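Biologist: I'd like to learn how to read a structure like this one. Could you take me through it a feature at a time?

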Amino acid sequence: MEQFVSTVTCFTENLLHKQSTDYDEVIEKLFSEVSALKGFPKIPDPQLEECAIQLWNWAVTKNVGRTISTTQKAKVRHVACSLLICSEPENPTEGVIRKQILMASKTGRTWLDCKNPQMADNFLRFAVKSLETLYGQLTSRGDAASDEASSKGDVEKDLLRVLSCQAELALSRGSNQEAVVYMQRCKDMLLRLPKDTAYLSLMCYNFGIDTYNLRKFEESSFWLSQSYEIGKMNVKYAPGSEVQAKVLRLLAIVYLEWDCQKFQEKALNAVSLANKECVSASGLYLKIRILLRCGASDDHIRAGLNEMLESKVSLELCLSTVRLLMSEDRETLAFEYLKRVCQHFEAFPDLGTALVLHIELLLQRGKELLGKQKIEDAITGHYTGKQLSPQALTSLHVMLWDKASKHFEARNYSEALQWYNYSLSFYKAGQIEPNSAKLQRNRASCFLQLKQLEKAKEAIKEAERSDPDSIFTQFSVYKIAVLENNVEKAAEAVHAIGLLSRSPVAREDGLLVSENAASQLLSLAAQIALENEQQETAMKALESLCENSEDGSQVLTALRCLVRLVLSTIEGSSDEMRNGTLDVLLPYLRKALEKVSRQCRLTVAQRTEEANWFRKIAWNSALQCESSPDRMRDFFVLSYQLSLLCPPDRTLLMGQKTCLLMAAAASLELCRKSLPSAQSEQLTQALEYTHICGEVWKTLKASGSSPMDPTDTLLLLYEFEARAKLNDPKVETVLESVLELDNVETKVLETIAALAMEPPAHFPLLCKKALRVALSLHKKQPQPDLASCSKCVHSLIKLSLPSGVSEVEARVLEEVWDYYEEALSIITTAPDDFPEMETLWLLTRAWNTGILLYSLAQYPEAERWCGLAMAFIRHLRSLQDSYQTQMSGLYSEILDRLDKAKKNLMEE
């Protein structure tokens, strides 16, 4: 046990010197150490007793400032009391026993407060045992009679407190009979301890409340009866008549709720006794309640009502009693009593409350005509010095609006208007009240239903004057504008609703307006406009809804409506009108993309459905933009972007590929029509689209593709054009990729050649390379296409022939000579099929080259090229004779000049 003593001492010292934030850990260690002891083993060590006292005093001081919790206090007291018991000497003195009693009883009480009856039980039992031991010591000791009596009285008082705690403990365990036994012992002791009468009475009252809350009516009635009886045992020390009446009223309620028919007499007796003990408003009201529930006669109830009036209760209680009578179907009695109440409180300033209740009861019973008469009396009184109190007037307004609302729902608009007008009658002309705007809006709604537009406009003007910053006021303005076909006014109202919806907090009659109220109004506004065939106004409302609503699903629904409205105008329209309509559609689709992308509340299925719907719209819109590449590109890009929000499958990937191909083609087409300053951006876009398309195409090819699919070729063509016009050196690599294609078509190569020289591109070498390969492929055909071959040769010669003196080089001339020989070869193969004008062009260009060389004194070459030109004359058909005569003379003249030039050169 030395180790135990050392550990406890150490923990105690730690706790006494700990900061307030560190209590819990040390308390838990102490509690765990002491709880491990079995029973209370004797450890007669002074250190333990000292620790016990120190811990007890520490808990007392900390409890003053509420530094520790109730549970922590219970644990510290538990430890202190246990240590004191363990350190008890073999023959404890009276002082030690008294300490043990104090600690054990307070520890048990604290555990009870912590709702831990098991822990409490051990200490309370020990307290009782110690009290009995002390009582025995006092009895056996022969001290002076007065001192002995005083000491025994203290012991009995402590015992009563402990026994009452044991009764509470037993009750908390559900052992009512055990609690009764303990309480009976306490009652028996009251003869000797009369001053504890109030304590014990209140203890039983609390037991009655606890069991009542648990709906244990039989047990509750017993404890409440005990409380009242104990209170009567000694009037001098009883809790007082007010408390006794309170006990009896609760007892009456218990009987009332337990079984009113069975215990009606007991309930009435209890409440009557309560009212005799101390008359109170609650007691008189309870008596009427019980009489009504028991089905008492009107005469009996009248007696109770008379008693109430004679007792000078408040007007409010009397009116509550009237309501109670009405709820129990005692209508005649209720109206009779209400009349007496009004007479009784005639001079009371708040008598209007009774008038309002009278109106309410009449309306509840369907007596609208009498109710209206009373309302008109109230209106007259309002302007003749008998105003209702603010609270009563508010209640009346609520009642009037409720009646009006019900008539409006039943489509009795004239009747609804009358009830709203009653409410309006309480407002002075020009008076602005918090609810006046709402009232005028409601009146306007009635006027609109009654087709009284001018009166509706007047009501709304009043509403605007009272509350122009209300979305509901602006909505009413909008409705009238639509009915008047005032597009501008309707648009202004829609704009105002949108602006007001962005306010941090909007209020309507002191109540928070729901966040989506403005959105719902805008949606309704669109519906109203469409019903009145005002599509433009409907679109304004839907656009405002999309701009201001935080509800993504609501915005997507609005965008669908907008898209449908726009598309309905496209059919049969001119190209110019169609383009304008598509320009309106484009931002709606972009907004849809933004909302579907960011809408986290959508399920996967909902997101897919929304994205697919808008994707198809974008696709179909792109197909209508054949004459507008910029629009086509934008719609196809949107369709692609929306497709990214759908689960990928082969069909979707094919759609993505097509979108990107068409977007690239549209960008290139747009570049051809644009100013040079804008071309770079469009070409870069085209490259981006081809790159992304290439990635999609790779995925598709991995799952199988048709060998006839032209996608690879198109991607390379688009990339070649973009890079060529961007003057990108990688363009040569692209051409190599084209040449590596399986079964590359001559048409592709001819297109490449054309693109290589299409401004701003200028790649003649690549052009010639493509043309040479194309020519080679043409010649390899079983039946070569001479026209195509001719075009290739023509282009090659045109690209290669020198255009000036500076370009005349032997290498270039030799290359062109080869092309001419190719041309002659083609002509020879099919002289009759070769175009005559093409032959003439070849002849002319060869002759001009010879003349150029002659001017440069390159006589042998000049003679050679002029001879080549003469060789083409025989391949002319209709023009042969004409050119034969003309060219022969010129050729002879040239030859003569060449001879002279040669001789002169030799002489020099």
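Modeller: We'll go through helices, cavities, backbone oddities and a couple of single residues. Keep in mind from the start that this is a predicted model.

Biologist: Let's begin with helices. How many residues does α12 have, and what span is expected for it?

Modeller: The idea is to count residues and allow 1.5 Å for each. Helix α12 covers residues 264-277, which makes 14 residues, and 20 Å is the expected figure. From its first C-alpha to its last, α12 reaches 20 Å, close to that expectation.

Biologist: And what does the same check give for α1?

Modeller: Helix α1 runs over residues 2-17 and has 16 residues, so it should span 22 Å. Its end C-alpha atoms lie 23 Å apart, which agrees.

Biologist: Back to α12, then. Which of its residues are buried?

Modeller: For this we look at relative accessible area, and under 20% is called buried. In α12 that picks out Ala267, Leu268, Ala270, Val271, Ala274 and Asn275. Looking down the axis of α12, these buried residues fall within an arc of 160°, so they line one face of the helix.

Biologist: Which residues are exposed on the other side of α12?

Modeller: Glu265 and Lys276 are exposed there.

Biologist: What do the buried residues of α12 pack against?

Modeller: Their partners are α11 (241-259) and α13 (281-293). You can try the burial reading on α1 as well: its buried residues are Phe4, Val5, Thr7, Val8, Thr9, Phe11, Thr12 and Leu15.

Biologist: Now for holes. How many cavities of 30 Å³ or more does a search of the whole structure find?

Modeller: Rolling a probe the size of a water molecule over the atoms shows where empty space is left. Here the search turns up 2 cavities of 30 Å³ or more. The largest cavity holds about 40 Å³ of space, and the second largest about 30 Å³.

Biologist: Which residues line the largest cavity?

Modeller: The lining is made of Arg615, Trp619, Ser639, Tyr640, Ser643, Leu652, Gly655, Gln656 and Cys659. Elements giving two or more residues to that lining are α29 (604-622), α30 (629-643) and α31 (650-673). The largest share, 4 residues, is from α31. Sorted by class, the lining has 4 nonpolar, 4 polar and 1 charged residues.

Biologist: And what lines the second largest cavity?

Modeller: There you'll find Arg302, Leu305, Asn306, Leu333, Glu336, Tyr337 and Arg340. At least two lining residues come from each of α14 (298-310) and α16 (331-344), and α16 gives the largest share, 4 residues. By class, this lining divides into 3 nonpolar, 1 polar and 3 charged residues.

Biologist: On to the backbone. Is the peptide bond from Pro759 to Pro760 cis or trans?

Modeller: The angle to check is omega. For the bond from Pro759 to Pro760, omega is near 5°, and the bond is cis. Pro760 sits in the loop between α35 (746-756) and α36 (764-779).

Biologist: Is phi of Lys451 positive or negative?

Modeller: Phi is another backbone angle to scan. For Lys451, phi is near 65°, a positive value in a residue other than glycine. Lys451 belongs to the loop between α21 (436-449) and α22 (453-466), and with a relative accessible area of 74% it is exposed.

Biologist: What is phi of Ala857?

Modeller: Phi of Ala857 is also positive, near 65°, and Ala857 is a residue other than glycine. Ala857 lies in the loop between α39 (836-855) and α40 (859-871). Its relative accessibility is 43%, so it counts as partly exposed.

Biologist: Last, single residues. Which residues is Ser501 in contact with, leaving aside its neighbours within four places in sequence?

Modeller: With those neighbours set aside, Ser501 touches Ile471, Ala518 and Asn548. Ser501 is in helix α24 (residues 487-501) and is partly exposed, with 24% relative accessible area. Its C-alpha atom is 74 Å from that of Arg98, 403 residues apart along the chain.

Biologist: And where does Glu609 lie?

Modeller: Glu609 is in helix α29. It is partly exposed at 40% relative accessible area. The C-alpha atoms of Glu609 and Glu458 are separated by 47 Å, with their places 151 residues apart along the chain.

Notes: Residues numbered from 1 in each chain as written. Predicted model: local features only at pLDDT ≥ 70, side-chain atom pairs only at ≥ 80, totals over all residues. Heavy atoms only, no water. Expected span 1.5 Å × (residues − 1). Buried < 20%, exposed > 50% of the residue type's maximum accessible area, 1.4 Å probe, protein only. Arc of directions from axis to C-beta. Contact = heavy atoms within 4.5 Å. 1 Å grid on protein atoms, 1.4 Å probe; cavity = no way out; pocket = protein on both sides within 12 Å on 5 of 7 lines; lining within 4 Å. Points joined across faces, edges and corners; volume = space filled by probe spheres on them. Nonpolar A, V, L, I, M, F, W, Y, C, P; charged D, E, K, R; others polar.
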